[in-house]
Every structure is written in structure tokens, then in C-alpha cells.
Amino acid sequence: MSEGKSIGMSSCCLSGALHEGKPTGRVDNIGGLDTYISEPKGGSKTKSVIFISDIFGWEFPNTRLLADQYALAGFYTYLPDFHEGDSLPISFLQNVEPPLKKQEQLSVIEKATNAAVVPSTLGPWLVKHREAVSKPLIDGFVNTVRMIPGTDVVGAVGFCWGGRYAILQAHGPNLATPGEIGGVDAVFAAHPSLVAVPGDFDPVSRPLSLAFGTKDSLLDEGTRGKIVDLMAGKKEVKHEIRLYEEQVHGFALRSDWSSEKDKKAMDEATRQGIEWMEKYLRSGKE
């Protein structure tokens, strides 16, 4: 596991609202994993993007809707079930940690119940899906996609739990493993959790775009500053870090669409990721 200070996951990660809309992709099995696939117009696989979801997994409607946006932008988009059928249920979003606006209406007893349920649910899940289990699975999927006929370049997009694993893909191939397992060509990560600083960022060698909220309880100002300074010293690596004012953890995927400010931040983060891929996920066939 990467060395450095590890930033934990709190209940703030679970705030948000289900977005309205109907995903337009399809489900297939890729490399042994159930996968939501959203194809660009014409179906070209030349520029492929792999989504690494948050704790709610590949069936979470918000994530599939966002994958559709990348497909509309021209990327062949994969959203695999890296949790292998063990994602946390969507009900956990509403029943355990409701949107921030609703939290103010909770009674003291309800808040105490939530405070007890969140760690008792998340703790065992995080152990089950630790790096030693999840990273090899993600690395293998990256290799599977690279071998699909028509694929030229591969990017990774990650959120929350998946944000950290997207950053790890920016390290490049695992040269210690026969066959150079994993590693993509460009990465976008929004509000990553459980990151190790500096351990997860020192080895970054691929173009990396990061989106942080200034109210993210998992990445305080001091930690963000360390990441900014570390990446600034990597002159040879293309990177950007954007701060979104007054945005909490999860804003790029689970924003409350009843709030125009939050919806605008989510839309801007979506554009950030797509524009990064358009800029750095360049095919030699173009």
C-alpha cells in the first residue's frame, strides 16, 4: 500500500441526491466483470474511458448518467462492477446519510443512530475492498480493455473511493508484475478519499486532473496544500487541480440538483473531466 498519511472516509461522502434521468447504455460482461457500457456515436473504441465508481457502485444511476455524458463527448465508456456485486445499497445514501439540507431536520436520536450505523457499515466494507483486493482487479480490467480490438488509448475517471484508484492508475504500468499490468494514459479524479499523501502522488507519471471541494471534510486545506505543492514539483507531469468553492465531498457525482449552485459545480466538474480527456487522451490515429 502507498506510504504516507492516509485520509479517511467520513459520512460526508454519503451526502447527495439521486439525479433524474434514464441511462442510455447497455450491460455486458467484460473480462469477467459485469459492465455498463455507453458508446459514442459511431461506436469507436479508439478513445476508451474506464469509470471507477464510488462506494455505491456501477448500478448507481448518477454514475451511469455521467458515463453517458462522456460517451456523448466521443469516448467509449466502461463502468465495471469492481465491487463484484457488493456495492453499498443506494438506500444507504438516503436512509443513513441524507442530503445536507435534510440533515438539519434530523432529531438528536436520528443523528446518533446514523453516527453508529455509518462506521459499522463502511468499516467492514472497506476492509473487504482494500487495495490488495481491488487494485489487481482494476489493473486487470485496464489490460483487458487495452486488448479489445480498436482500442488505442485508455483513460480512467474516478470518484470518492474510485478516485484514489484512478490516481493509482496515473502511476503507469506496474512494472513489478509480469506483463506490465494496469496503468492508463490520462486520469481525472474527483474528491478522492482514502488517499495517502505523499505516497499516492509521488509516483504519478500520467496526465492527472483533480477536482476538490473546499468543504470536503476528507481533504482539508492543509492536505490539499500538500498535494498542490507535491504536484507543482512534478514539472514533467501534466496536471491541474481545481477547487470548487463551498462544495462538499461527493459534489461532482451526487450534488443536490435542487440547488443551482451545486448543480453548476457538478456541471463544471463534468466539463473539467471531459476536457482533460479531450486534451490528453489523444489517439495516434487522429
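This report describes the fold, cores, helices, pocket and backbone features of a predicted protein model.

## Overall architecture

The protein contains 9 helices and 10 strands. Of its 286 residues, 53% count as buried. Among contacts with a sequence separation of 6 or more, 80% are made by residues 24 or more positions apart. The protein exposes about 12,400 Å², and carbon and sulfur atoms supply 53% of that area.

## Nonpolar cores

In soluble globular proteins, nonpolar side chains tend to be buried together. The largest nonpolar core in this model has 43 residues, of which I50, Y78, F141, I167, F201, L210 and I227 touch the most other members. Helix α6 (residues 161-169) gives the largest share of this core, with 5 residues. Apart from this core lies another, of 25 residues, among them L66, A67, F251 and L281.

Y78 illustrates the contacts made by one of the core residues listed above. When residues up to four places away in sequence are not counted, Y78 touches I30, T35, Y36, I37, K45, S48, V49, I50, F51, F141, V145 and I148. Two of these partners, F141 and V145, are among the buried residues of helix α5.

## Helices α1 and α5

The two helices below are set out by their residues and their reach from the first C-alpha to the last.

| Helix | Number of residues | Reach | Expected at 1.5 Å a residue |
|---|---|---|---|
| α1 (residues 61-72) | 12 residues | 17 Å | 16 Å |
| α5 (residues 131-146) | 16 residues | 22 Å | 22 Å |

Helix α1 is mostly covered, since 9 of its 12 residues are buried. These buried residues are N62, T63, R64, L65, L66, A67, D68, Y70 and A71. Of the residues in α1, L66 and A67 also belong to the core of 25 residues. The helix is followed by G74, whose phi is positive, near 110 degrees.

In helix α5, the buried residues are E131, S134, K135, I138, D139, F141, V142, N143 and V145. An α-helix has 3.6 residues a turn, so residues three or four places apart point the same way. The buried residues of α5 pack against strands β2 (26-30), β3 (33-38), β4 (47-52), β5 (76-80) and β6 (153-159), and against helix α6.

K135, a lysine of helix α5, deserves separate mention. Why does K135 count as buried? Its relative accessible area is 17%, and a residue is classed as buried because its value falls under 20%. K135 touches Y165 and L168, with residues up to four places away in sequence not counted.

## The second largest pocket

The second largest pocket has a volume of about 200 Å³. Its lining comprises 13 residues, and L65, L66, Q69, W257 and M266 lie nearest its centre. Helices α1, α8 (251-254) and α9 (260-280) are the elements that give two or more residues to this lining. L65 and L66, both named in this lining, are also listed among the buried residues of α1.

## Loop residues and backbone geometry

H249 lies in the loop between strand β10 (239-244) and helix α8. With a relative accessibility of 0%, H249 counts as buried. H249 and A190 are 59 residues apart in sequence and 8.9 Å apart in space, C-alpha to C-alpha.

D86 is placed in the loop between β5 and α2 (91-96). Its relative accessible area is 22%, so D86 is partly exposed. Residues touched by D86 are W125, K128 and H129, again without those up to four places away in sequence. The C-alpha atoms of D86 and H129 are separated by 9.1 Å, although the two residues are 43 residues apart along the chain.

Most residues other than glycine have a negative phi, and most peptide bonds are trans. Exceptions to these tendencies occur at several positions here. C160, in the loop between β6 and α6, has a positive phi near 55 degrees. C160 is buried, with a relative accessible area of 0%. E246, in the loop between β10 and α8, has a positive phi of about 65 degrees although it is not a glycine. In contrast to buried C160, E246 counts as partly exposed, at 43% relative accessibility.

A cis peptide bond joins V197 and P198, with omega of about 15 degrees. P198 lies in strand β8 (residues 196-198).

Methods:
Residues numbered from 1 in each chain as written. Predicted model: local features only at pLDDT ≥ 70, side-chain atom pairs only at ≥ 80, totals over all residues. Heavy atoms only, no water. Helix = DSSP H or I, 4+ residues; strand = E, 2+ residues; numbered from the N terminus. Buried < 20%, exposed > 50% of the residue type's maximum accessible area, 1.4 Å probe, protein only. Contact = heavy atoms within 4.5 Å. Areas by Shrake-Rupley, 256 points an atom, 1.4 Å probe, with all protein chains shown as cover. Expected span 1.5 Å × (residues − 1). Core = buried A, V, L, I, M, F, W, Y, C linked by side-chain atoms within 4.5 Å. 1 Å grid on protein atoms, 1.4 Å probe; cavity = no way out; pocket = protein on both sides within 12 Å on 5 of 7 lines; lining within 4 Å. Points joined across faces, edges and corners; volume = space filled by probe spheres on them.
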